[in-house]
Amino acid sequence: MSKKNRIGVVYSTNPDFQYQTDDDQPLQETLPLDRQRLTVRIDRSHRAGKQVTLVTGFVGTDDDLDALARLLKGRCGVGGSVKEGDILIQGDFRDRIVDVLKQEGYGKVTKGN
């Protein structure tokens with residue numbers, strides 16, 4: 001085990017201490033679509049006044065989150081990204097995204113401000 005993989009603790013005097021590494025963290029499984037609780041809202045903070053549609057609440061793997069972001073960007077015909085577990089779509093596409101998520105079978109989709 002290399003020191004770079006250790007999480008949080010640099011050194012311990014306890015001889016029985018077990019270091020936690022990145023590999024020890026459990027992988028989060030993706031919830032079924034009908035059990036997902038997603039929120040779609042507009043966000044303007046820290047974006048120089050530009051609007052982005054923010055999709056939050058997705059529970060699952062990074063690959064599934066990226067696939068959902070790719071689907072939404074394609075259906076809206078705009079760019080976007082995934083940051084810190086949230087999907088950012090450029091522009092105000094709340095209604096279209098809510099419709100797409102419901103068509104895809106996502107459970108509870110709420111529209112915020």
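## Report on a five-stranded sheet with two helices

Of the 113 residues of the chain, 26% count as buried, and the coordinates discussed here belong to a predicted model. The secondary structure comes to two helices and five strands, which follow one another along the sequence in the pattern β-β-α-β-β-α-β. Among contacts between residues at least 6 apart in sequence, 47% join residues at least 24 apart.

### The sheet

The five strands form an open sheet whose order is 3-4-2-1-5, with mixed pairing. Strand 3 and strand 5 stand at its edges, and because each has a single partner strand, one side of each is left without a neighbour in the sheet. From one strand to the next, the twist averages 20°.

Strand 1, which covers residues 37-43, takes part in both kinds of pairing. With strand 2 it runs antiparallel, and five bridges join the two; in this pairing Thr 39 stands opposite Thr 56 of strand 2. With strand 5 (residues 108-111), strand 1 runs parallel, and here the bridges number four. Arg 37 has Lys 108 of strand 5 as its bridge partner, while the bridge partner of Leu 38 in strand 5 is Val 109.

### The helices against the sheet

Helix 1, residues 62-76, packs on the sheet and touches strand 2, strand 3 and strand 4, and its direction makes about 20° with that of strand 4. Helix 2, residues 94-104, lies across strand 1, strand 2, strand 4 and strand 5, and runs at about 165° to strand 1.

The buried residues of helix 2 are Arg 94, Ile 97, Val 98, Val 100 and Leu 101. They lie on the same side of helix 2, because the arc that they cover around the axis is only 165°. Lys 102 and Gln 103, on the other side of helix 2, are exposed. The partners against which the buried residues of helix 2 pack are strand 1, strand 2, helix 1, strand 4 and strand 5. Just after helix 2, Gly 105 takes a positive phi of about 100°.

### The nonpolar core

In soluble globular proteins, nonpolar side chains tend to be buried together. In this model the largest nonpolar core has 18 residues, and those with the most contacts inside it are Val 40, Leu 68, Leu 72, Ile 87, Ile 97, Leu 101 and Tyr 106. Strand 1, helix 1, strand 4 and helix 2 each supply at least two residues of this core, and the largest share, five residues, comes from helix 1.

Leu 101, one of the buried residues of helix 2, shows how these elements come together around a single side chain. If its neighbours within four places in sequence are left aside, Leu 101 is in contact with Leu 38, Val 40, Leu 68, Leu 72, Tyr 106 and Val 109. Among these partners, Leu 38 and Val 109 also form a bridge pair, with Val 109 in strand 5.

### The end of strand 1 and two residues with positive phi

Asp 43 is placed in strand 1, and its relative accessible area of 13% means that this residue counts as buried, since the cut-off is under 20%. Its side chain is joined to that of Ser 45 by a polar contact of 3.1 Å. Apart from neighbours within four places in sequence, Asp 43 is in contact with Lys 50, Gln 51, Val 52 and Leu 54.

Ala 48 lies in the loop between strand 1 and strand 2 (52-56), and Glu 84 lies in the loop between strand 3 (80-83) and strand 4 (86-90). Both are residues other than glycine with a positive phi, and the table sets out their values.

| Residue | Loop | Phi | Relative accessible area |
|---|---|---|---|
| Ala 48 | strand 1 to strand 2 | near 55° | 79% |
| Glu 84 | strand 3 to strand 4 | near 55° | 83% |

Where the cut-off for exposure is over 50%, Ala 48 is therefore exposed at 79%, and Glu 84 is likewise exposed at 83%.

Technical notes:
Residues are numbered from 1 along each chain as its sequence is written. This is a predicted model: local features need pLDDT of at least 70, side-chain atom pairs count only at pLDDT 80 or more; totals for chains, interfaces and linings use all residues. Side-chain values use heavy atoms; hydrogens and water are left out. Buried means under 20% relative accessible area, exposed over 50%, partly exposed in between (1.4 Å probe, protein chains only). A polar contact is a pair of N or O atoms within 3.5 Å; within protein, one must be able to donate a hydrogen and the other to accept it, and residues adjacent in sequence count only if both atoms are side-chain atoms. Contact means heavy atoms within 4.5 Å. Two strands pair if DSSP finds at least two bridges between them. Axes are lines fitted to C-alpha atoms, for helices over the stretch in contact, and angles run from 0 to 180 degrees between N-to-C directions. A nonpolar core is a set of buried Ala, Val, Leu, Ile, Met, Phe, Trp, Tyr and Cys residues joined through side-chain atoms within 4.5 Å. The arc is that of the directions from the helix axis to the C-beta atoms.
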